[in-house]
Amino acid sequence: MKKIASALLLTLALSPAAAAQTRLTLASAVNQALQSGPDVTSARANLQKAQANLRAVRADPTSIVTTLTQAEQDAAAQLAALQGGKLSTAQTVIGQYVAAYEAQGRINLNRAQVALDERNLQIARARLEARVATPLDVSRAQTSLNSNRQELADAQAQLPVLEAQLARTLGLNAGTNLVLAAPPAPPKLSVSLAALQSGLDKRLPKLVQAANGAALAQLQVKLSNNDYTPARTLQDAQIALANAQRTLSDATRASSTGVSDAYRATQNAARQLDIARQQAANAQTALTQAQARLKAGTAAAVEVQQAQVQAQQASLGVQQAQGGLWQALAALGAASGMDVTGLVK
């Protein structure tokens, strides 16, 4: 019998459903996307191509200065694109991961709320029979139960959709059973706003492109400023330089404002997490008191059940606030071109 049971367990372990189960942490999910995600993979290939072209141009003794400059700029642009792609991919994965994890928490909370509503409906019916409640009380309890049952069904239907989105981003097979670990506590934001806003033209792909355009335009002016180049060519180069510098300046201001907004959003998310933790602590204290009152005979079991649901709801609030902070940090990283999550390697 033991041999048969062992064989059955081995068969189940090797079945497609069991083999498809994937356990993930937030860090491992981000790492997998950075290693095999399509956007990052393409950006990495483009960088390798640009670097190979730069080596060839440098090795070619016939390369002129504009050709060399453009090759150097392309390599720098592709490097920024790769880093930007990593940060953007991390932002997507973090958002999808916390959404899927929180969905399971909502399901657990909805189940607890349905159980409480079922108990309240039983109490309302008993009180009606005892003629200390009205049919309206029963109707209200039934309506609350129906509403929370529907919320539970909606949450259960939403979870596989969110998990499928995450699996697709990670390049996993359709139908993969994801087992998500709780996201860790988000890191504290230790970098200043000034540091995040400094050097954006070296990190953000769109600003690197704009800075490259301005530098190339400056080179064209320098090469045209002589007595053997038509004056019209110099004038056109100067106009192109002014336009390129204006484009860079406008883009830099817009990006700096975006970083500032993302920074404030991150600070606000951190404050919301602190508040959620305080509320969870209060709810836990209320539950402890309700349990003590039940033991002392001064509270009913349903009051403890209500306190348990409230504590569970507050715990989910912490999860949601923590997820919100993770997403804010990821958005700040994407806006500034500098990882502040500690997850982008």
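This briefing covers model confidence, two residues of helix α5 and the largest pocket. The model is predicted: local features need pLDDT of at least 70 and side-chain atom pairs count only at pLDDT 80 or more, whereas totals for chains, interfaces and linings use all residues. Residues are numbered from 1 along each chain as its sequence is written, and side-chain values use heavy atoms, with hydrogens and water left out.

**Confidence**
- The average pLDDT (the predictor's confidence in each residue, from 0 to 100) is 92 for the protein, and 94% of the residues score at least 70.
- Over residues 1–19, pLDDT stays under 50.

**Helix α5**
- Leu82 lies in helix α5, residues 65–129 (helices are DSSP runs of H or I, at least four residues, numbered from the N terminus).
- Leu82 counts as buried (under 20% relative accessible area, 1.4 Å probe, protein chains only) because its relative accessibility is 9%.
- Beyond four places in sequence, Leu82 touches Val40, Ala43, Arg44 and Leu47 (contact means heavy atoms within 4.5 Å).
- Gln73 is also found in helix α5 and is buried, with a relative accessible area of 13%.
- Not counting residues up to four places away in sequence, Gln73 touches Asn212, Ala215 and Leu216.

**Largest pocket**
- The largest pocket (an open set of points on a 1 Å grid over the protein atoms alone, where a 1.4 Å probe fits, with protein on both sides within 12 Å along at least five of seven lines) holds about 250 Å³ of space.
- Its lining (residues with an atom within 4 Å of a point) comprises 14 residues, and Pro187, Lys188, Leu189, Ala270 and Leu325 are the closest to the centre.
- Helix α10 gives the most to this lining, with seven residues.

Key
Helix = DSSP H or I, 4+ residues; strand = E, 2+ residues; numbered from the N terminus. Buried < 20%, exposed > 50% of the residue type's maximum accessible area, 1.4 Å probe, protein only. Points joined across faces, edges and corners; volume = space filled by probe spheres on them.
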